[in-house]
Amino acid sequence: MKAAAAACLDIADRFGQRVTSIKADPSFTQLGRDKALKDEAVKSALPGLKAASGPIAKALDDARKARAAISIPAPDPSNIAAALERQEIRAMVRAMKPAERMSFLTGTVDERIVDAILSAPGVLSGLSDDQFGQIRDLVVDRRHGDQIAQIRDAEEAAEAAEAAMLVARNEIKAATGLEDRAFEQLAKMGVLTPWLKQNGDKVLKVIPGETSYPAATADEIATGKFYANQSEYLADNPGARQAA
């Protein structure tokens, strides 16, 4: 994550240097200077930033999926006696005063009680959605503490890198001198051209540095090119060179 964050900041720094150079070049008219700045952002800085921030987005998505994979086991629907017990527990908790209810649930060490609460909608226990989430998080932390700690560390690292990427993006925006809407429109244009490769009757998307490639999507096929080699790809996508 540190390398990805550093790459994002480096791209913004190089773009800033390029902007200074363009602004100082007396051969440009004002119209030509504005066009050169936009071209530099679209062809180099913005696609380079997108490529460099790819590992950050993946890390955040992986952490989200890891959290979602941790679940509270569903009760056995065939055990009627246990279902009645859970119903009684929920009724008992629902009858408590709000402050007493949360204090009781966060302090109990009886797993049957929290299992009863979490096996049904929170409203059946007198809990709001936020309160139900707090109880669930507490139970997950208690039962999967080591795994949650690892996920939390990964999230913090990815979020710090994401913050650096946003700083870099804002620096690029400031250097262009564009307002928010104009810059967002420019950013939509600043993407790498997908590198396509024919493999039998399939079209693959080449990912530099990888040994196996996924099938290209319809959008990637529509906007991509069949580059002969990496040199040709990098020549057409200077942002990819910056990210590398």
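In this predicted model, Asn199 is partly exposed, with a relative accessible area of 44%. The residue belongs to strand S1. Its C-alpha lies 9.5 Å from that of Ala215, a residue 16 positions away in sequence. Asn199 offers a convenient way into the region around S1, where several aromatic side chains come together.

Strand S1 spans residues 195-199, and the loop that joins helix H9 (180-189) to this strand holds Thr193. With a relative accessibility of 18%, Thr193 falls under the 20% limit and is therefore classed as buried. Beyond the residues up to four places away in sequence, the contacts of Thr193 are with Thr223, Gly224, Lys225, Tyr227, Tyr233, Asp236 and Asn237. Two of these partners, Tyr227 and Tyr233, reappear in the aromatic pairs described next.

Across the whole structure, the search returns three aromatic pairs. One of them joins Trp195 to Tyr227 in an edge-to-face arrangement, with the ring centres 6.3 Å apart and 85° between the planes. This pair bridges distant parts of the chain, since Trp195 sits in strand S1 while Tyr227 lies in the loop between H10 and helix H11 (230-236), 32 residues away. Trp195 has a relative accessibility of 11% and counts as buried. Tyr227, at 8%, is likewise buried. Trp195 also pairs with Tyr233, here in a stacked geometry with 5.0 Å from centre to centre and 25° between the planes. Again the pair connects distant parts of the chain: Trp195 is in strand S1 and Tyr233 is in helix H11, with their positions 38 residues apart. Both Trp195 and Tyr233 are buried. Taken together, the ring pairs join Trp195, Tyr227 and Tyr233 into a cluster.

On the way from strand S2 (202-206) to helix H10 (218-223), the chain passes through a loop that contains Tyr213. Tyr213 has a relative accessible area of 29%, a value that makes this residue partly exposed. Once neighbours within four places in sequence are set aside, Tyr213 contacts Lys197, Leu204, Lys205, Val206 and Ile207. The C-alpha atoms of Tyr213 and Val203 are 9.7 Å apart, and the two residues are separated by ten positions in sequence.

Attention now turns to the helices and the nonpolar cores. The largest nonpolar core is made of 28 residues, and those with the most contacts inside it are Cys8, Phe15, Leu46, Leu49, Ile56, Ile172 and Leu186. Helix H1 (2-24), helix H2 (30-52), helix H8 (145-176) and H9 each give two or more residues to this core. H1 supplies the largest share, with nine residues. A second core, separate from this one, has 13 residues, among them Val93, Val114, Ala116 and Leu127.

Phe15, one of the residues with the most contacts inside the largest core, gives a closer view of the packing. Apart from residues up to four places away in sequence, Phe15 touches Leu37, Glu40, Ala41, Ala45, Ile172, Ala175 and Thr176. Ile172 is thus both a contact of Phe15 and another of the residues with the most contacts within the core.

How do the axes of H1 and H8 lie relative to each other, and what angle do they make? The two helices pack with their axes 8 Å apart and at an angle of about 10°. Because this angle is under 35 degrees, H1 runs roughly parallel to H8. On the H1 side, the contact is formed by Ala5, Cys8, Leu9, Ala12, Phe15, Val19 and Lys23. These residues meet Ala161, Ala164, Met165, Val167, Ala168, Glu171, Ile172, Ala175 and Thr176 of H8. Sorted by class, the contact comprises 13 nonpolar residues, one polar residue and two charged residues.

Leu9 is one of the H1 residues in this contact. With a relative accessible area of 35%, Leu9 is partly exposed. Leaving out neighbours within four places in sequence, Leu9 is in contact with Ala164, Val167 and Ala168, and these three are among the H8 residues that meet H1. Leu9 and Ala51 are 42 residues apart in sequence, with 13 Å between their C-alpha atoms.

How values were computed
Residues are numbered from 1 along each chain as its sequence is written. This is a predicted model: local features need pLDDT of at least 70, side-chain atom pairs count only at pLDDT 80 or more; totals for chains, interfaces and linings use all residues. Side-chain values use heavy atoms; hydrogens and water are left out. Helices (H or I, at least four residues) and strands (E, at least two) are DSSP runs, numbered from the N terminus. Buried means under 20% relative accessible area, exposed over 50%, partly exposed in between (1.4 Å probe, protein chains only). Contact means heavy atoms within 4.5 Å. A nonpolar core is a set of buried Ala, Val, Leu, Ile, Met, Phe, Trp, Tyr and Cys residues joined through side-chain atoms within 4.5 Å. Axes are lines fitted to C-alpha atoms, for helices over the stretch in contact, and angles run from 0 to 180 degrees between N-to-C directions. Angles under 35 degrees count as roughly parallel, over 145 as roughly antiparallel, 65 to 115 as roughly perpendicular and the rest as oblique. Ala, Val, Leu, Ile, Met, Phe, Trp, Tyr, Cys and Pro count as nonpolar, Asp, Glu, Lys and Arg as charged, and the others, Gly among them, as polar. Rings of Phe, Tyr and Trp (its six-membered ring) pair if their centres lie within 6.5 Å; planes under 30 degrees apart count as stacked, over 60 as edge-to-face and the rest as tilted.
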